[in-house]
Amino acid sequence: KKFITLLMALTLVVAMTACGSSKPAPQPTAEPTSTPEPAPVSNPQVVEDVEIALEASLDYINENEDIDGATQFRNALLKGIEFNVIFADETGCEIEFTYPDGESYLNKAADMLTEEATAEEMDAALATVAKELESDTLRVIETISAEVEKNSDGSYTLVWNEDLYNAVSGGLYYAEER
């Protein structure tokens, strides 16, 4: 119950980190081939547009000094997320994400609380684990595939899927489903 309460509070805070289309992309299925295919060639414009979209989705760090524990937690999570566009062309992309395990830190905060924890106690627990999260070097490394679409102005945008949402939330998107 404590975990669910914390997760719901953070969902509102973290939900703002992902922007773009909300329609999930179908998961590609690999088909076995008998001959090796040449390595795909990235389109530099698409790579740049994907990077811009991802940077915008992670640009929700609140630099104010007087912030609550949930915002401190979100800031620490967002600061720990890194990405590298491995490949991108006019139809899709592959992105390697490195991010802190937000779910384990949320569990750690929940373990600090009693069933009757107040909002102030939840805030303090999140602030405490946010400080730990900032100095933790353990990271989840995950490669994600996504579709891209061409906009009317000639730029490209990501077609957001659940794996992308999970990566830009530090693993909290899938934690909500459990």
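In what order do the four strands of the open sheet come, and is their pairing parallel or antiparallel? Keep that in mind while you get your bearings. You're looking at a predicted model, so treat everything below as a tour of a prediction.

**Stop 1: the whole chain**

Turn on the cartoon. The protein has seven helices and four strands, and read along the sequence they go α-α-α-β-β-α-α-β-β-α-α. Colour by burial if your viewer can do it: of the 178 residues, 43% count as buried. Take contacts between residues at least 6 apart in sequence, and 71% of them join residues at least 24 apart.

**Stop 2: the sheet**

Now select the strands. Here's the answer to the opening question: the open sheet runs β1-β2-β3-β4, with antiparallel pairing. The edges are β1 (82-88) and β4 (156-159); each has a single partner strand, so one side of each is left without a neighbour in the sheet. Look across the strands and you'll see a twist: neighbours in this sheet are turned by 35 degrees against each other on average, direction ignored.

If you want a reminder of what holds such an arrangement together, strands of a sheet pair through backbone hydrogen bonds, either parallel or antiparallel.

**Stop 3: β1 meets β2**

Zoom in on 82-88 and its partner. A hairpin of three residues joins β1 to β2. The two strands run antiparallel, with six bridges joining β1 to β2 (residues 92-99). Show side chains for a couple of facing residues: Phe87 stands opposite Glu94 in β2, and Val85 stands opposite Ile95 in β2.

Stay on β2 for a moment. Six of its eight residues are buried, so β2 is largely enclosed by the rest of the structure.

**Stop 4: β2 meets β3, and a helix on the sheet**

Slide over to the next pair. Eight bridges join β2 to β3, again antiparallel. For a facing pair to click on, try Tyr99, which stands opposite Val140 in β3.

Next, add residues 44-57. This is helix α2, which packs on the sheet and touches β1, β2, β3 (140-150) and β4. Its direction makes about 155 degrees with that of β1.

**Stop 5: helix α3 and the buried Phe73**

Select residues 69-79. Helix α3 is mostly covered, with nine of its eleven residues buried. Among them are Ala70, Leu77 and Leu78, and Arg74 and Asn75 are on the buried list too.

Pick out Phe73, which lies in helix α3. How much relative accessible area does Phe73 have? The value is 0%, so Phe73 is buried. Now draw a distance from Phe73 to Ala127: the two are 54 residues apart in sequence, yet 6.3 Å apart in space, C-alpha to C-alpha.

**Stop 6: helix α5**

Ala127 takes you to α5, where it is one of the buried residues. Others to select there include Met122, Leu126, Val129 and Leu133. You can check the helix's length as well: at 1.5 Å a residue, the 17 residues of α5 should span 24 Å, and the end C-alpha atoms are 25 Å apart, which agrees.

**Stop 7: the salt bridge**

Side chains of opposite charge can pair when their charged atoms come close. How many salt bridges are there to find here? The count comes to one. Select Glu132 and Lys108, whose side chains meet at 2.8 Å, N to O. This pair links distant parts of the chain, 24 residues apart: Glu132 sits in helix α5 (residues 119-135) and Lys108 in helix α4 (residues 102-111).

Are the partners tucked away? Glu132 counts as partly exposed, at 30% relative accessibility. Lys108 is also partly exposed, at 35%.

**Stop 8: the aromatic cluster**

Finish with the rings. There are four aromatic pairs. One of them is Tyr173 with Tyr174, an edge-to-face pair with 5.8 Å centre to centre and 65 degrees between the planes. Switch on a surface around these two: Tyr173 is partly exposed, with a relative accessible area of 27%, and Tyr174 is partly exposed at 22%.

Then widen the selection. Which residues make up the aromatic cluster? Trp160, Tyr165, Tyr173 and Tyr174 form it together.

Key. Residues numbered from 1 in each chain as written. Predicted model: local features only at pLDDT ≥ 70, side-chain atom pairs only at ≥ 80, totals over all residues. Heavy atoms only, no water. Salt bridge = Lys/Arg side-chain N within 4 Å of Asp/Glu carboxyl O. Buried < 20%, exposed > 50% of the residue type's maximum accessible area, 1.4 Å probe, protein only. Pairing = 2+ DSSP bridges. Axes fitted to C-alpha atoms, helices over the stretch in contact; angles between N-to-C directions. Contact = heavy atoms within 4.5 Å. Phe/Tyr/Trp six-rings, centres within 6.5 Å; stacked < 30°, edge-to-face > 60°. Expected span 1.5 Å × (residues − 1).
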